[in-house]
Amino acid sequence: MAKLLRVNMTDLSVRFEDVPEKYALLGGRGLTSSIIYDEVPPLCHPLGPDNKLVIAPGIVSGTKAPTSGRTSFGGKSPLTGGIKESNAGGLSSQKIARLGIKAIIVEGQPKEKGRFYVLRVDKDGARLLPADHLKGKGMYEVCDLLWKEHGEGVAIIGIGPAGEMLMSAAGICVNDQENTAGRYAGRGGLGAVMGSKGLKAIVIDDRGGPGVEIKNPELFEQGIKKLTQASLTHDVTKKGGALNTYGTNVLVNIMNEAGGYPTRNFSSGRFELASQISGETKAEIIHKRNGEGMTGHPCHPGCIIQCSDRWANPDGTFKVSVMEYESVWALGANCGIGDLDKIADLIWLCNDIGVDTIEMGDTIAVAMEAGLLPFGDADGAIRLLNEEVRHGTPLGRILGNGCVFTGRAFGVTRVPAVKGQGMPAYEPRAVKGIGVTYATSTMGADHTAGYTIAPEILGVGGKADPFAVQKADLSRAFQATTAFIDSTGYCLFDAFCVLDIPEGFEGMVESCAGVLGVNWTTQDAIRLGYEIIRKERLFNEAAGFTRAHDRLPDFMTKEPLPPHNTVFDVPPEELDAVYDFSKWPKEVVGEVAG
Amino acid sequence: MQIKVQVYAILRQYIPGASRGPLVMDVPEGTTVGQLIEQLPIPPELARVVFVNGIRQESDWVLQEGDEVGIFPPIAGGEGPGSWAI
Ligand code: SF4
C-alpha cells in the first residue's frame with residue numbers, strides 16, 4: 001500500500017500515513033492541488049508556516065510506462081499568491097514512486113531561522129539531516145556533494161541560494177542521470193517555499209523499494225502499447241522527429257515566422273537574430289563541436305521522446321543542460337541577445353543560483369527597459385545574475401523577486417505578466433488563444449497550462465486561426481486535459497502525439513486505469529481534469545482573486561505589436577467564459593456548482 | 001514575379017544552402033502555395049505548415065510579388081482530428 005510521507009519542519013519529525021480514500025485515484029498535479037486545497041489556508045502567507053510544499057509523482061510514474069517521470073511540486077505561490085503546480089523531469093519521480101510513496105508533504109517551519117536540512121528518503125524510511133555544509137551553495141556543487149555523500153545514482157531535489165533567500169523567482173531543481181542540475185520545476189517561486197521550510201535538498205534512494213503496484217496488469221500493458229505506438233509514429237515525437245532532433249527550440253523559427261516570438265521585452269513579435277539561436281542552429285553547433293554535447297538526450301530513464309540536450313563549449317567540453325525553447329528565448333530574444341554561448345552562460349547561472357529561466361529572462365528584459373543595461377548586453381546580464389542575484393545584494397533581491405517586482409521598483413509599465421508571473425515565449429497579441437490561457441489559468445501566465453499554440457500555429461489537434469478571438473472553449477478544453485496529463489506522470493510532450501492519434505490518448509488513460517484498477521474512459525479522464533482546475537480556481541477565489549485578475553497587462557490591449565500590428569482584443573466576456581462553470585460542457589462535467 | 005522562400009528543420013536537408021538564408025525565386029503570376037511546393041526539391045508531404053508574410057495559408061493561396069514564404073515540416077503535428085480537445 002502506498003503511503004503519504006509527512007515532514008514537519010517545526011519539530012523536525014517525519015511520519016508515514018495511509019493514503020485517504022479520496023486521494024487513492026490521484027497523482028501528480030491532481031494530488032498536489034487537492035492536498036493544497038484541503039490543507040493550506042488560502043489566505044496564509046506563502047512563506048509562512050501554514051503553507052505546504054507537496055511533491056507527488058504521477059499515477060504511472062515508477063512503472064515501465066514510457067516518458068512518465070514527471071514530478072509535480074505544489075504549494076501556494078509567493079509569486080502569484082495563488083495555487084501553484086510546477087512539474088519537472090529528472091530522477092525524482094520514478095524513485096519516489098518506487099519507494100511506495102504517493103506524496104511528500106513538507107509543512108511547518110524551523111524555529112531557528114537560517115538553519116537548513118536535507119531530507120533523506122530510502123527503503124528504511126525518512127530522516128532529516130543537518131545541511132549546514134550546503135548552505136549558500138549553488139546547485140551544481142550541491143548535486144556533486146550529495147552524490148558523494150549518498151551514493152551515485154540517487155535522485156536529488158534541491159534549491160540554490162535564491163531559494164534560501166526566499167526569492168519569488170526561485171525554482172526547485174531535480175538532477176538527471178548525469179547528475180547535472182538542469183531539470184527545474186521553475187515557475188511560481190516554489191523554491192522559496194522550500195527555502196522557507198529550511199529544506200535545502202531531498203535525497204531519494206530507491207534501492208530495495210517495493211515498486212509500484214499495478215492492479216490490472218493486462219489493461220496497463222495494453223495502454224502503454226498503444227501510447228508507445230503513437231509516440232513512436234508521430235512526426236513530432238518519434239525518433240528522428242522534430243523534438244528528438246532539434247529539441248523544443250525547434251519552435252523558434254515557426255514562432256518567429258508567425259510574428260509571435262516576443263522580442264526585447266515584448267516590443268516586437270520578430271527577432272532579427274532568431275536564426276542564430278534556433279533549434280536547427282543549436283543542433284548544428286552541437287554536432288560540429290563534436291565533444292561532450294549531444295541532442296536527443298532523455299531527462300530521465302525511460303523517456304522515448306528525448307527532447308533534452310547537452311550543450312558544449314567551443315572546445316567541446318560540457319557546458320549546460322538544457323538549451324530548451326523557453327530558456328533560450330527568455331535569456332536570448334527577449335533580452336535582445338543572439339549568441340547561443342552567452343545564452344548558455346546565462347542558463348548555467350540560473351540553474352546554479354536556482355532561479356526560473358523564464359522569470360529571470362522577463363526580469364532582465366524589464367531591467368533593460370528600465371535602462372539598467374542596454375538590450376543585447378549579455379555580459380551585463382551575466383553580471384546581474386552572478387554578482388547581484390547570487391549574492392542577494394539589494395539590487396539582486398529586487399531582480400530575484402521577478403519582473404513585476406522589478407517593474408515596480410524601476411517604474412516600468414511594460415511588464416508582461418499575469419497574476420504576478422512573467423509570460424513565456426508566445427506573444428498573445430499574435431496568438432490570441434494562448435493569451436486567453438495566460439489570462440485565465442489558475443497558474444498565472446503559463447503556456448503549459450493550456451497549449452493552444454498546437455492548433456493555432458502548429459496545426460496539431462486541428463487548426464485554429466491565431467487571430468480569432470473566440471477562444472474560451474479552446475483554452476478551457478486544453479486547460480482541463482492538461483490538468484489530467486499533469487496528473488499522470490507523463491510528459492506533456494506526449495500530448496503532441498495523443499492530440500492527433502486518438503488511440504494514443506486511450507492508451508494513456510488505460511495505462512493509468514491499469515495501475516489504479518479502475519475502468520476509466522477518456523471522458524472520465526477529462527472530467528478529472530475539469531475537477532482539478534475547478535478546485536484550483538476555488539482556492540484562488542478564496543485567496544482573493546477576482547475576474548479582474550484574469551486580464552492581460554494593459555499595454556497589450558493598447559500597443560500594436562509588429563509585424564502584424566495587432567493588439568490583444570479578446571473581449572472580457574470571452575475571458576470570463578473560461579471559468580464560468582455554467583458554460584462548462586455538461587456532457588463531460590455534469591452540473592458544476594461554483 | 002519574385003518571392004522569397006525559407007525552409008526549415010529537416011526540409012533543409014533537401015536544399016543545399018537553405019540554412020544560409022532565404023531563396024529568391026522567380027515564379028509565374030498566379031502561382032499558388034501548392035504549386036510553389038511542387039517546384040521545390042522537397043517531399044511535398046513534408047511541407048506541413050506554410051506561412052505567407054507571417055500568416056498561415058493553405059495550398060490554394062495565390063502568391064503575390066514580394067511575398068515571403070516560410071515552409072515547415074511537421075515540427076509539431078499533422079492533420080489529426082484533435083479528438084480529445086473537447
Ligand atoms: S520529452 Fe523531453 S521533457 Fe519530456 S520527459 Fe522526455 S526529455 Fe524530458
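A: Helices (H or I, at least four residues) and strands (E, at least two) are DSSP runs, numbered from the N terminus. This is a predicted model, so local features need pLDDT of at least 70 and side-chain atom pairs count only at pLDDT 80 or more, while totals for chains, interfaces and linings use all residues. Residues are numbered from 1 along each chain as its sequence is written, chains are lettered from A and ligands numbered from 1 in the order in which they are written, and side-chain values use heavy atoms, leaving out hydrogens and water.

Q: Okay, how many helices and strands does chain A have?
A: You can count 24 helices and 17 strands in chain A. Its C-alpha trace spans about 55 × 55 × 50 Å along the principal axes.

Q: What share of chain A is buried?
A: Buried means under 20% relative accessible area, exposed over 50%, partly exposed in between (1.4 Å probe, protein chains only). Of the 594 residues in chain A, 68% are buried.

Q: And what about contacts between residues in chain A that sit at least 24 apart in sequence?
A: A contact means heavy atoms within 4.5 Å. Take the contacts in chain A between residues at least 6 apart in sequence: 70% of them join residues at least 24 apart.

Q: Can you walk me through one residue: where is Thr482(A)?
A: Sure, look in helix α18 (residues 472-488) of chain A. Thr482(A) counts as buried because its relative accessible area is 3%. If you skip the neighbours within four places in sequence, Thr482(A) touches Arg29(A), Thr448(A), Ala449(A), Gly450(A) and Leu492(A). For a sense of distance, Val518(A) is 36 residues from Thr482(A) in sequence, and their C-alpha atoms are 21 Å apart in space.

Q: Which peptide bonds should I check for being cis?
A: Here's the general idea: most residues other than glycine have a negative phi, and most peptide bonds are trans. In this model, the bond from Ser321(A) to Val322(A) is cis, with omega near 20°. Val322(A) sits in the loop between β15 (318-320) and α10 (325-331) of chain A. Another cis bond runs from Pro562(A) to Pro563(A), with omega near 5°, and Pro563(A) belongs to the loop between α22 (554-558) and α23 (572-578).

Q: Which residue has a positive phi of about 50° although it is not a glycine?
A: That's Asn290(A), in the loop between α9 (279-289) and β13 (294-297) of chain A. Gln306(A) also has a positive phi, about 60°, although it is not a glycine. Look for Gln306(A) in the loop between β13 and β14 (308-312).

Q: Are Asn290(A) and Gln306(A) buried or exposed?
A: Asn290(A) counts as exposed, because its relative accessibility is 65%. Gln306(A), at 17% relative accessibility, counts as buried.

Q: Now for chain B: how many residues from each chain take part in the contact?
A: Chain A gives 42 residues and chain B gives 29. Ile254(A), Glu257(A) and Lys463(A) lose the most area to chain B on the chain A side, together 20% of what that side buries. Buried area is the accessible area (1.4 Å probe) that two parts lose on being put together, summed over both. Between these chains it is about 2800 Å², with carbon and sulfur atoms giving 60%.

Q: How many salt bridges cross the interface of chain A and chain B?
A: Look for a side-chain nitrogen of Lys or Arg within 4 Å of a carboxyl oxygen of Asp or Glu. The rule finds two salt bridges across this interface. One of them joins the side chains of Lys463(A) and Glu58(B), at 3.2 Å from N to O.
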